Amino acid sequence: MSVRHHLKKHRTKIAITLPIAFLLASSFSLIRDPEEIYLSSEDNRFVEVGEQVTIQVIADANEPINVLGATIVAPQELVSIDAISRENSIIDLWTQEPTITSDNKITFSGGMVTENGFLGNGVVLTFIVIPTAEGIAKIDIENSEMLAHDGTGMPVSSSNNALVLTIRPPEHPSPDVNGDKTVNLFDFGIVSARLFMAYERAYDLNLDGKITLSDIGVLIKNMGTDSNLGSLAVGWI
Ligand SMILES: [Ca+2]
Ligand SMILES: [Ca+2]
């Protein structure tokens, strides 16, 4: 069978399967650069206004480093940074202590005093943000730097990974109905089935007292906001 014939015969199947495969791949993506500083939320990243969200700054080094620093930037109109903890930090000596600035940033730098430098994956600091308004809050890392522990002190090439929080109004159920930290087709399947079942508040995503297609609409709007599918609008109404 020719490729063209195969494509023609299976056009519908391919048209449906490809986007699904892409969504699943982006949901389970484990691909990362070798050296990086990234943000990790211990909690679900689908959060509500007023909730405390704990975020860790993690350094991931595949070659030994002994100095690192960065600036964390959080959008002032959506979240406020509430507290910082240096507990269990891989940094032994802070050259710039992490503090919250008036423009909602945390800047820090420091070094690791060990014979072999730091290698692997470790917590740099932990901070808490409190969402203040509904929307998509991109918490970013700027000016990150990691220096090699090889006697040269040269910067190692590193990348940053931002964290995107999707903030819903207070008391609204999370669109991540199965609690696996992503909104995808699994959640879609669960809420779709609920259209035909007895009312449960946990699936009433727009909180209007009934489970309808509007709740599926909320779910779809929240799909893929953690991948690079583009900025999708979020709304609960
Ligand atoms: Ca989910
Ligand atoms: Ca509803």
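**Group meeting: a walk through the predicted model**

Okay, let's start with one residue: Asn-143 counts as exposed, because just 11 C-beta neighbours fall inside 10 Å of it, and the cut-off for exposed is 12 or fewer. Keep in mind that this is a predicted model. What's odd about the backbone of Asn-143? Its phi is positive, about 50°, although it is not a glycine. And if you want to find Asn-143 on screen, go to strand β8, residues 135-148.

There's another one like that. Lys-181 isn't a glycine either, and it has a positive phi of about 70°. Where does Lys-181 sit? Look in the loop between β10 (163-168) and α3 (185-194). So is Lys-181 buried or exposed? Partly exposed, because it has 13 C-beta neighbours inside 10 Å, and partly exposed is what you get between the exposed limit of 12 or fewer and the buried limit of 20 or more.

While we're in that loop between β10 and α3, Glu-171 is there too. Glu-171 is exposed, since 10 other C-beta atoms lie within 10 Å. Now, how far is Glu-171 from Gly-50? In sequence, 121 residues; in space, C-alpha to C-alpha, 9.5 Å.

Right, zooming out to the whole protein chain. We have four helices and ten strands. Along the sequence, the order runs α-α-β-β-β-β-β-β-β-β-β-β-α-α. Now contacts: take the ones between residues at least 6 apart in sequence, and 70% of those join residues at least 24 apart. As for burial, the chain has 237 residues and 28% of them count as buried.

That brings me to the core. In soluble globular proteins, nonpolar side chains tend to be buried together. Here, the largest nonpolar core has 44 residues, and the members touching the most other members are Ile-72, Ala-74 and Ile-139. Which strand gives this core its largest share? That's β3, residues 53-73, with eleven residues. The core also takes in at least three residues from each of two domains, domain 1 (36-167) and domain 2 (171-222).

Let me finish on Ile-72. What does Ile-72 touch, if we leave out residues up to four places away in sequence? The list is Val-57, Lys-105, Ile-106, Ile-139 and Ile-141. You'll recognise Ile-139 there, which is, like Ile-72, one of the three core members with the most contacts to other members.

That's my tour. Over to you.

Technical notes:
Residues are numbered from 1 along each chain as its sequence is written. Chains are lettered from A and ligands numbered from 1 in the order in which they are written. This is a predicted model: local features need pLDDT of at least 70, side-chain atom pairs count only at pLDDT 80 or more; totals for chains, interfaces and linings use all residues. A nonpolar core is a set of buried Ala, Val, Leu, Ile, Met, Phe, Trp, Tyr and Cys residues joined through C-beta atoms within 7 Å. Helices (H or I, at least four residues) and strands (E, at least two) are DSSP runs, numbered from the N terminus. Domain bounds come from an automatic or database domain assignment. Two residues are in contact if their C-beta atoms, placed from the backbone, lie within 7 Å.
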